[in-house]
Amino acid sequence: MCLGAMVCVLVVIVDDFSGYVGYSSPIIAALSVVVFMLFKGLQIDDRWTERLWKIDRLCFGVYLIHPLFINFVYKFLKVTPVSFDKYCLMVPVFWIFFVCCGISASWAMSRIKPLKKYVL
């Protein structure tokens, strides 16, 4: 939670916050560790295990395909979260959009037998 507060403080203090949210950002690395630690100790009921396992099988495909959607939106449509006045509100919207597109594409790829066997 402390890291989340630090990110909020950076958003308020720094004019160009977009330089702190790239793939090589230490903030992103720290947030990924925090998310991992949150889920590591979580006790999951057995009725959810099968559903979560199906989602888990799609995650690598999402990892592979999500840059395609990001580059299409950013480079071809020329739309980024920082191009809006409400930057802090648009980041979650873009995140949800890219996650949904990635999961949909990964699910579609999992239906193609050679991709499922060798990639996913």
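# Briefing: confidence, core and selected residues

Among the elements of the protein chain, helix 4 has the highest mean pLDDT, 90, and helix 1 (residues 2-13) the lowest, 62. The model is predicted. Across the protein chain the mean pLDDT is 79. Residues at 70 or more make up 79% of the chain. Where pLDDT is low, predicted coordinates should not be read in detail.

**Nonpolar core**

- Five residues form the largest nonpolar core: Ile-70, Val-73, Met-90, Phe-94 and Phe-98.
- Helix 3 (46-76) and helix 4 each contribute at least two of these residues.
- Helix 4 gives the largest share of this core, with three residues.
- In soluble globular proteins, nonpolar side chains tend to be buried together.
- Phe-98 touches Phe-69, Ile-70, Val-73 and Tyr-74, leaving aside residues up to four places away in sequence.

**Phe-97**

- Phe-97 belongs to helix 4.
- Its relative accessible area is 42%, so Phe-97 ranks as partly exposed, between the 20% and 50% cut-offs.
- Phe-97 and Ile-70 sit 27 residues apart in sequence. Their C-alpha atoms are 9.8 Å apart in space.

**Ser-110**

- Helix 4 spans residues 87-110 and includes Ser-110.
- Ser-110 counts as buried because its relative accessibility is 14%, and the buried class lies under 20%.
- A polar atom of the Ser-110 side chain lies 2.6 Å from the backbone oxygen of Trp-107.

**Lys-78 and the loop**

- Lys-78 is found in the loop between helix 3 and helix 4.
- Phi of Lys-78 is near 55°, a positive value in a residue other than glycine.
- Lys-78 has a relative accessible area of 64%, so it is exposed, a class that starts over 50%.

**Cysteines**

- How many disulfides does a search of the whole structure find? The search finds zero.
- Cys-59 is partly exposed, with a relative accessible area of 42%.
- Cys-88 is also partly exposed, at 49% relative accessible area.
- Why is Cys-88 partly exposed rather than exposed? The exposed class needs a value over 50%, and Cys-88 has 49%, so Cys-88 stays in the partly exposed class.

How values were computed: Residues numbered from 1 in each chain as written. Predicted model: local features only at pLDDT ≥ 70, side-chain atom pairs only at ≥ 80, totals over all residues. Heavy atoms only, no water. Helix = DSSP H or I, 4+ residues; strand = E, 2+ residues; numbered from the N terminus. Buried < 20%, exposed > 50% of the residue type's maximum accessible area, 1.4 Å probe, protein only. Polar contact = N/O pair within 3.5 Å; in protein donor to acceptor, adjacent residues only side chain to side chain. Core = buried A, V, L, I, M, F, W, Y, C linked by side-chain atoms within 4.5 Å. Contact = heavy atoms within 4.5 Å. pLDDT = per-residue confidence, 0-100. Disulfide = S-S within 2.5 Å.
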